[in-house]
Amino acid sequence: MSRTTLLIVCAMAFAALAACRSGGQIPTSAGDFGGGGANGAGGAGGGVSTTGAGDGANIGVTAEEAARQRLLDQYVVYFDFDRSDIRPDFNEMLAAHGSYLASNPNVSVRLEGHADETGSREYNIGLGERRAQSVRQILLLQGASASQLSTVSYGEERPAALGSDEESYSLNRRVEIVYR
């Protein structure tokens, strides 16, 4: 089997596993948010009608609620090489998750830290833990409670992408937010 075919098969298997991933309850419609966004219920964002609720019913969803839902649909924070600081492009997403957790005290998440295969196993376990703790700190600052958050580090043991190239490494330097 050629290397390209093997990579395609691995990518398809990863996509299938990601699609089957069990997670917690993330809001799936505007009604799950329990009110308006930062502007208040029916606030100034203006209403945008979209189709939702699986049965074809129209639900009034503001542009702000739709943007928040798109942020909540993201569960992975990526990191630069050998770094555990949060990149600015993930601040909005983490703010949305933190706000959601603050508004739903019965919901909890597990923050799973990962690293690429460079470095020793021990170092990568520590790096994955530092990354998970960085995400934890941001969520706490956004209003989530400590009891809602748990962290675990898998280091290099659960790669998202197989391979020894920069593209694979960059996909493996991550924290996954897993709702329970």
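**Reading a strand pairing and a buried arginine**

Colleague: In this predicted model, which residue stands opposite Tyr-78 in E6?

Modeller: Tyr-78 faces Arg-174 of E6. As a general idea, strands of a sheet pair through backbone hydrogen bonds, and the pairing is either parallel or antiparallel. Here, E3 and strand E6 (residues 174–179) are joined by 3 bridges in the antiparallel sense.

Colleague: In what order do the strands of the sheet follow one another, and is the pairing uniform or mixed?

Modeller: The order is E3-E6-E4-E5, an open sheet of 4 strands with mixed pairing. Strand E3 (76–78) and strand E5 (149–155) are at the edges with a single partner strand each, so one side of each has no neighbour in the sheet. From one strand to the next, the twist averages 20 degrees.

Colleague: Which helix packs on the sheet, and which strands does it touch?

Modeller: Helix H4 (residues 121–141) does so, touching E3, strand E4 (109–114), E5 and E6. The direction of H4 makes about 155 degrees with that of E5.

Colleague: Where is Arg-173 found, and why does Arg-173 count as buried or exposed?

Modeller: Arg-173 lies in the loop between helix H5 (166–172) and E6. The reasoning rests on a cut-off: buried means under 20% relative accessible area. Arg-173 has 4% relative accessibility and therefore counts as buried.

Colleague: What surrounds the side chain of Arg-173?

Modeller: Beyond neighbours within four places in sequence, the residues in contact with Arg-173 include Val-77, Tyr-78, His-114, Asp-116 and Arg-131. Glu-166 is also in contact with Arg-173, and a polar contact of 2.9 Å links the side chains of Arg-173 and Glu-166.

Terms used:
Residues are numbered from 1 along each chain as its sequence is written. This is a predicted model: local features need pLDDT of at least 70, side-chain atom pairs count only at pLDDT 80 or more; totals for chains, interfaces and linings use all residues. Side-chain values use heavy atoms; hydrogens and water are left out. Two strands pair if DSSP finds at least two bridges between them. Helices (H or I, at least four residues) and strands (E, at least two) are DSSP runs, numbered from the N terminus. Axes are lines fitted to C-alpha atoms, for helices over the stretch in contact, and angles run from 0 to 180 degrees between N-to-C directions. Contact means heavy atoms within 4.5 Å. Buried means under 20% relative accessible area, exposed over 50%, partly exposed in between (1.4 Å probe, protein chains only). A polar contact is a pair of N or O atoms within 3.5 Å; within protein, one must be able to donate a hydrogen and the other to accept it, and residues adjacent in sequence count only if both atoms are side-chain atoms.
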